[in-house]
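User: I should like to go through this chain by question and answer. Please begin with its buried charge.

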Amino acid sequence: MVKKIPSEIYFSIIFVILILWQILLPGYILTLDMVFTPKLNLNYSEGSFLNSLPIIYLLKFLNIFLDGWIIQKIILVTLFFCLFYLALK
């Protein structure tokens with residue numbers, strides 16, 4: 001039995017492409033939240049909280065296989081897709 005994909009997913013994909021169509025071109029996007037590109041450094045001081053280490057190690061692992069701008073686009077597309085999908089759900 002083939003499972004049907006909900007229509008909310010299709011609407012979310014269409015909205016993400018309509019909003020981010022120019023951002024999806026190759027190259028970096030200047031955002032203040034994503035300062036990890038082009039190469040992610042694992043520098044942290046001794047007195048700081050290390051609660052962001054899991055996401056930093058995940059980004060560093062992805063940076064082995066993918067360029068920084070591709071990781072940046074994946075994060076932005078995933079963020080907007082989740083925002084549209086959860087709003088429709």
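User: Which side chain of opposite charge is nearest to lysine 73, and how far away is it?

Analyst: In this predicted model, lysine 73 is buried yet has no salt bridge. A salt bridge would require a side-chain nitrogen within 4 Å of a carboxyl oxygen. The nearest side chain of opposite charge is 11 Å away, and it belongs to aspartate 67.

User: Which residues does lysine 73 touch, leaving aside those up to four places away in sequence?

Analyst: Lysine 73 has its place in helix α3, which covers residues 68-88. Not counting residues up to four places away in sequence, lysine 73 touches Ile23, Leu24, Leu25, Pro26, Gly27 and Ile29.

User: Against which helices do the buried residues of α3 pack?

Analyst: The buried residues of α3 are Gly68, Ile71, Gln72, Lys73, Leu76 and Tyr85. Their packing partners are α1 and α2 (53-65).

User: What span does α3 reach from its first C-alpha to its last?

Analyst: Helix α3 has 21 residues, for which 30 Å is expected at 1.5 Å a residue. The span in the model is close to that expectation, at 31 Å.

User: In what order do the elements of the chain run from the N terminus?

Analyst: The chain has three helices and zero strands. From the N terminus on, the order is therefore α-α-α, with helices taken as DSSP runs.

User: What percentage of the contacts between residues at least 6 apart in sequence join residues at least 24 apart?

Analyst: The chain has 89 residues, and buried residues make up 18% of them. Among contacts between residues at least 6 apart in sequence, the share joining residues at least 24 apart is 72%.

User: Which helix gives the largest share of the nonpolar patch?

Analyst: Phe11, Ile14, Phe15, Leu18, Ile19 and Leu88 make a nonpolar surface patch of about 570 Å². Five residues of the patch come from one helix, the largest share, and that helix is α1 (residues 7-20).

User: Is leucine 18 buried or exposed?

Analyst: Leucine 18 has its place in helix α1 and is one of the residues of the nonpolar patch. Because its relative accessibility is 56%, leucine 18 counts as exposed.

User: Why does isoleucine 64 count as exposed?

Analyst: Isoleucine 64 is found in helix α2. The cut-off for exposed is over 50% relative accessible area. Isoleucine 64 counts as exposed because its relative accessibility is 61%.

User: How far apart in space are isoleucine 64 and leucine 40?

Analyst: In sequence, isoleucine 64 and leucine 40 are 24 residues apart. From C-alpha to C-alpha, their separation in space is 9.9 Å.

Definitions and conventions: Residues are numbered from 1 along each chain as its sequence is written. This is a predicted model: local features need pLDDT of at least 70, side-chain atom pairs count only at pLDDT 80 or more; totals for chains, interfaces and linings use all residues. Side-chain values use heavy atoms; hydrogens and water are left out. Helices (H or I, at least four residues) and strands (E, at least two) are DSSP runs, numbered from the N terminus. Buried means under 20% relative accessible area, exposed over 50%, partly exposed in between (1.4 Å probe, protein chains only). Lys and Arg count as positive and Asp and Glu as negative; His and the chain ends are not counted. Contact means heavy atoms within 4.5 Å. Patches are made of residues with over 30% relative accessible area and no salt bridge: like charges are joined within 9 Å, nonpolar side chains (Val, Leu, Ile, Met, Phe, Trp, Tyr) within 5 Å. Accessible areas come from the Shrake-Rupley method with a 1.4 Å probe; for residues, only the protein chains shown count as cover. The expected span of a helix is 1.5 Å times one less than its number of residues.
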